[in-house]
Amino acid sequence: MKKLLLALSLIALLAPALPAAAAIAVDVTQGNIQPLPIAIPDFLPAGNDGGNAARIAQVVRDDLGRSGIFRPLDPKSFVDHIANINTAPNFANWRVINAQGLVTGEVAQMPDGRLRVAFRLWDVYGQSQMDGQQFFTQPQNWRRVAHMVSDAIYERVTGEKGYFDTRIVFISETGPAQNRVKKLAVMDEDGANPIFLTKGDYMVLTPRFNPTAQMIAYMSYINGKPRVYLFDLETGKQERLGDFPNMTFSPRFSPDGNRVALTLENNGNSDIYVMDLRSRAVTRLTSDPAIDTAPSWSPDGRQIVFESDRGGTQQIYVMNVDGSGQHRISFGAGRNGTPVWSPRGDLIAFTKQDGGKFDIGVMRPDGSGERMISTGSHDEGPTWAPNGRVLMFTRQGRGAEQAQIWEVDVFGRNERHVASPGSASDPAWSPLIQ
Amino acid sequence: MPSAPSQTISARPPLGRGRPRPTTARQPVLGLPASLLLHGMAIASIFLVFNSSFAPPQESHAVPVELVTLARQTNVEAAAPPPDQPVKPDLAPLPAPPMPEIKAEPAPDIQPPKFEIRKEKPPDTRQDISNLLNQLTRPEKPAKSNAPAATQSAGPATAMTSTLIDAFLSQIRNCWSPIAGAPNPADQIVSFDLRLNPDGTVAALTLLEASRTPYGSAAAQAGSRAIYQCQPYRLPPERYKDWREINPLRFDPRRMMQQ
């Protein structure tokens, strides 16, 4: 035995000098992008779960399926069932149905009335646990916990933060085309829990979340005058932003939430201003005689992208946050507007109007790499998911058809209609809710 | 290199003689240290790389979920009453309770790669190791640990090799579904050392390289899924010695992401 150990230690010492066995080197550069088949059995109810175990699993299946990155398998195809989430599953039974991922979970009611939701994510072929977490919450928040489970799974598999525990603020439209009633509304990312925030007795436009998703800036025609207002979701309070003599519109919060960039119209000339929400001090950023509007902040808060027709047609420009260094970045075909900087900073989404069509595109902040990602004929007004991978936008139907909210990923894949109550437009995605 | 199995059979002495085998004796002697070396390095690399990339997830992770609710009271009258919204005055984050029952769980976090010596391992190990020891202690053997020639050779880039590579690629390609979208696509490049059994199934898989980012970890998982899902690999059995190890097996999604 000693001899063996000695030999082994010598081998270890001399190892690098020995020629290794021949191996072939392979570079895989082409793949087959497919949604990940994932099995998500109903979570196990531990004691009185109030029916939440099955409901939570269904929301997770729906979330992941909607992302286009996963393909949740039909529970009817399962040949095994999970009896205990604290033991390793029988992986062979999940390979039979070609599941590559498996999510097991448990929902229990705690003595203090709270819900405990635990889940594990398994790599079926690698036979290992990829993630395991638990959440505690009041039972009425079961949907949010389900979204958090989805976000955790999404993040572990993609390396990106999820976006399921988010909300959308949008304009709900009802009534005939000549007399449209537009209400400010919010809903969860999956269309659940829609709530109207205004009654619809005055027009509302361009709602935007602040970085904490607690406040919404929007433009409204209260008293017939178009002005920017702030709506506090926590208190329900609404206030007019600033005391400007003329029309203000197109508000957008800075990434730190302390400032709002907006457009102020004065005798037919629109320019971009920034208001500090604490001091209410206002700074003018553009002073061009053309129309400058639709400001959007870079995620580091140092630059602002906006649209302007100073060059003759509507195009996209970038400037520093003090107004210096204004330069055009869009040089593609047609007119380009409504720029929105990705929360990740790498891309700017915009609406291109060309040949009678409106489409959503993305380009890098220097204007390079422009590509179109939506396929409708009247798509406009993009808004980013907080992870910078997915966009929502308004799709206008032909003729009298209703406006709808659609989403698509940044590569132009997985385009789909977003559920909303009735006709909906002008979506703005919240940050991940904290 | 002569075909080892046929020689082994023809050169085997009659039973009972106890003579050492003349021509194939060196083969296992060289093969074993190399095998041990590679396994040693593989195990070391697991502890260095795999361990961190596939570290057991944080399990005592409670997330405050009771923060945002709509107030019942607003000065703007809602057209439709909000559906029974929870009002939560307590905005303090929930304490992070431990998850002991999950920690105590015996379920494996990551399956230790299978390092059993393959079936065709040389017989009479002890004698081979003694031989090896003798060889290794010979003075003329270079004992420098930083000899440059120690890296894995990719093998001669012959047409034969490229045929093998093509055969392997044509299979793994269908199973590999990289996740698009890292800000720095190089973060998604990962490489493995893959050992295969003669029947084309995975004998052992070791992660060699992955970026220390969530994208690297996700890319390593995607590569591992592809490798396991695609087995058994259909490769010419007579050339097993050429494809028993694929190293490095590198996944690089950059070209795909440009499309």
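**Close-ups of salt bridges and a four-stranded sheet**

**View 1. Arg278(A) and Asp276(A) pair up in a salt bridge.** Their side chains meet at 3.3 Å, N to O. Keep in mind that this is a predicted model. The two partners sit on opposite sides of the accessibility cut-offs. Arg278(A) comes out at 60% relative accessibility, so the residue counts as exposed. Asp276(A), on the other hand, has a relative accessible area of 18% and is buried, because buried here means under 20%.

**View 2. Asp63(A) and Arg66(A) form a salt bridge within a helix**. Here the N to O distance is 2.8 Å. Both residues belong to helix α2 of chain A, which covers residues 52-67. They are 3 residues apart, so about one helical turn separates them. Is this pair buried or exposed? Asp63(A) and Arg66(A) are both buried.

**View 3. Asp27(A) reaches across to Arg250(B)**. The two side chains meet in a salt bridge, with 2.9 Å from N to O. Asp27(A) lies in strand β1 of chain A (residues 24-28) and Arg250(B) in strand β3 of chain B (residues 245-251), so this contact joins two chains. How accessible are the two ends? Asp27(A) has 39% relative accessibility and counts as partly exposed. Arg250(B), at 26%, counts as partly exposed too.

**View 4. Asp27(A) and Arg250(B) belong to a salt-bridge network**. Zoom out a little from the previous pair and two further residues of chain B come in: Asp252(B) and Arg254(B) are linked into the network with Asp27(A) and Arg250(B). For the wider tally, the structure holds 31 salt bridges over all chains.

**View 5. Four strands of chain A make an open sheet**. Reading across, the order is β19-β20-β21-β22, and the pairing is antiparallel. Which strands sit at the edges? They are β19 (292-297) and β22 (327-328), each of which pairs on one side only. As a quick refresher, strands of a sheet pair through backbone hydrogen bonds, in either a parallel or an antiparallel arrangement.

**View 6. Strand β19(A) lines up against β20(A)**. This is a closer look at one pairing in the sheet. Strand β20 of chain A spans residues 303-308, and 4 bridges join this strand to β19(A). The two run antiparallel. Which residue does Trp297(A) stand opposite? Its counterpart in β20(A) is Ile304(A).

How values were computed. Residues are numbered from 1 along each chain as its sequence is written. Chains are lettered from A and ligands numbered from 1 in the order in which they are written. This is a predicted model: local features need pLDDT of at least 70, side-chain atom pairs count only at pLDDT 80 or more; totals for chains, interfaces and linings use all residues. Side-chain values use heavy atoms; hydrogens and water are left out. Two strands pair if DSSP finds at least two bridges between them. Buried means under 20% relative accessible area, exposed over 50%, partly exposed in between (1.4 Å probe, protein chains only).
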